[in-house]
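Let's take a walk through this structure together, one piece at a time. Have the sequence and the 3D view ready.

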Amino acid sequence: MSRQVVIIGAGAAGIAAARRLLAERVNVHVMEAEAIPGGRCITDTTSLGHPFDRGGSWIHSAAINPMAELARQQGAEIIEDDPGALRAVVRGHARLNDDEFKAYVSAWRGLADSRAHATTATIDPAMDTFLPGEPWGPYIRHVVALLSGVDPAVCSAEDFSRFERAPGEWLLPEGQGSLLAAAADSLPIAFENPVHRIDYGSDPIQVHTRRGTIEAAAVIVTVSTAVLAAGTLAFDPGLPASLRDAIDGLPLGLLNKVGIAVRADSPLAAPGPVLMHHASADEAVMIRPGFANQPVVCGLVGGSFADALERQGPGAATAACLESLRAVYGGAITRDLGPSVETTWRSHPWSLGAYSAALPGHSGARDVLAAGLDQRLLFAGEATDPTLFSSVGGAWRSGIRAAEQYLAASGQRSIPA
Ligand SMILES: Cc1cc2nc3c(=O)[nH]c(=O)nc-3n(C[C@H](O)[C@H](O)[C@H](O)COP(=O)(O)OP(=O)(O)OC[C@H]3O[C@@H](n4cnc5c(N)ncnc54)[C@H](O)[C@@H]3O)c2cc1C
């Protein structure tokens, strides 16, 4: 009985870890706080009448992303998205002319590449070290926020530059969350059963859940770093300072989505040019018409702007998105719009944000967390992957890595080269 492994969380990392261990006939129990699997990668199939990923939707860097293989295995329909997809920028009500648009894109490319070219910067500087000045710096900082979830001033440039780019940006009309839900099918998951304390000083480890205590030879913790930092999941003894520092160095940024169903004959129904709308230098909404080949327009807000909207309360992000749609397409566009849905990931109690971004000076934190403690208290989840962090594929890969750590330590299988 005590040789079993308990996995905390049935998101991408937890599902992958469970599948890997079950393949080696390890006795596994997954404890999940929610009533469904997927965590930050779930497909909403009811709100809009079309599948809509509330969280992770793109399979980034498909050539090296394990979700691509899963999509193929499941025979999912795949759409190749345009990786350099931004096609127009609107400031206020005016579209940038060609020269301005080129300058905006080149300012962004310069920022994205600057870490690779910088020779004089400190070891692990903030992204805003490389931010150009007026006129484009104040605007393109929002691109960092939409990608990393945080503003450049609190984003480690070293970490940002480590995300591995490889060919292929895929979207799935049925949703990436649907892939995970199918992958979780028939796994031994105890739903609506949050874990509130892990006593790892004893052998076996005692895992305390809403529905009682379960013993484990090892525990794989896959909850977000924000959930770990919040302390609702307690450790006894408390975690060592190195792990606490690593968790604090990897706070979650915020990305929220607004999905709006549109009429089939609307210009917003078909996949079209990706637009960025800046109502002011402090605001940015990215607009994706025909999102994942569905008659749905998706608005995305990130960083401190997304946080401010979420704090304003329900409907604020939707209102910002509608303002952007009116500014770009004209007021009559609202006649094309149907039901809508908006996410509030910062308030979501079992996530507390979207995905991790290392603070400046903390780009080494992912490795520290991934090392875990004595091969029996192991950590997985997007924040622990060295190069696909912040993504579903990184989370999946980290679950396999943690399972392999356990297998190697228990002598059941060595870690492949
Ligand atoms: C709006 C948004 C857009 C995104 N876009 C993309 C994208 O396009 N492409 C991409 O690859 N990634 C994207 N991501 C990121 C991606 O979704 C996440 O990185 C990934 O899903 C994280 O998986 P995980 O397993 O690490 O964590 P999670 O999915 O958070 O899984 C952890 C699980 O633990 C559970 N849990 C928490 N606390 C407890 C507890 N005490 N006891 C038991 N269970 C608990 C949670 O309910 C959750 O199910 C996006 C995320 C968001 C929010």
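Two strands count as paired here if DSSP finds at least two bridges between them. Keep in mind, too, that this is a predicted model.

With that in hand, start at strand β2, residues 28-31. β2 pairs with strand β9 (residues 189-190) in the parallel sense, over 2 bridges. If you want to spot the contact, look for Met31, whose bridge partner in β9 is Ala190. β2 also pairs with strand β1 (residues 5-8): 4 bridges join them, and they run parallel. Here Val5 has Val28 as its bridge partner in β2.

Now look at the side chains of β2. In a regular strand, side chains alternate between the two faces of the sheet. Val28 and Val30 point one way, His29 and Met31 point the other way, and all are buried. There's a helix to add to this picture as well: β1, α1 and β2 make a right-handed β-α-β unit.

Helix α1 (12-23) takes us to the ligand, since α1 supplies at least two residues of the shell around the ligand, as do β16 (255-262) and α12 (392-409). The ligand has 41 residues around it, and the closest are Gly9, Gly11, Gly39, Gly56 and Ser391. What mix of residues makes up the shell: how many are nonpolar, polar and charged? The split is 20 nonpolar, 16 polar and 5 charged.

Next, find the open sheet of 4 strands, in the order β12-β11-β10-β14, with mixed pairing. Its edge strands, β12 (212-216) and β14 (234-236), each pair on one side only. From one strand to the next, the twist averages 20 degrees. Inside this sheet, β10 (residues 195-199) and β11 (residues 205-209) run antiparallel and are joined by 4 bridges; Ile198, for instance, has Val207 as its bridge partner in β11.

The loop between β10 and β11 holds Pro204, and the peptide bond from Asp203 to Pro204 is cis, with omega near 5 degrees. Another cis bond runs from Glu134 to Pro135, with omega near 0 degrees. Pro135 sits in the loop between α3 (98-117) and α4 (137-148).

Finally, a couple of serines. Ser61, in the loop between β4 (52-53) and α2 (66-73), has a positive phi of about 45 degrees although it is not a glycine. Ser390, in the loop between β22 (377-379) and α12, also isn't a glycine, yet has a positive phi of about 70 degrees. Why does Ser390 count as buried? Because it has 25 C-beta neighbours inside 10 Å, and the cut-off for buried is 20 or more.

How values were computed. Residues numbered from 1 in each chain as written. Predicted model: local features only at pLDDT ≥ 70, side-chain atom pairs only at ≥ 80, totals over all residues. Near = placed C-beta within 6 Å. Nonpolar A, V, L, I, M, F, W, Y, C, P; charged D, E, K, R; others polar. Buried ≥ 20, exposed ≤ 12 C-beta atoms within 10 Å, placed from the backbone. Right-handed = clockwise from strand over helix to strand, strands pointing away. Axes fitted to C-alpha atoms, helices over the stretch in contact; angles between N-to-C directions.
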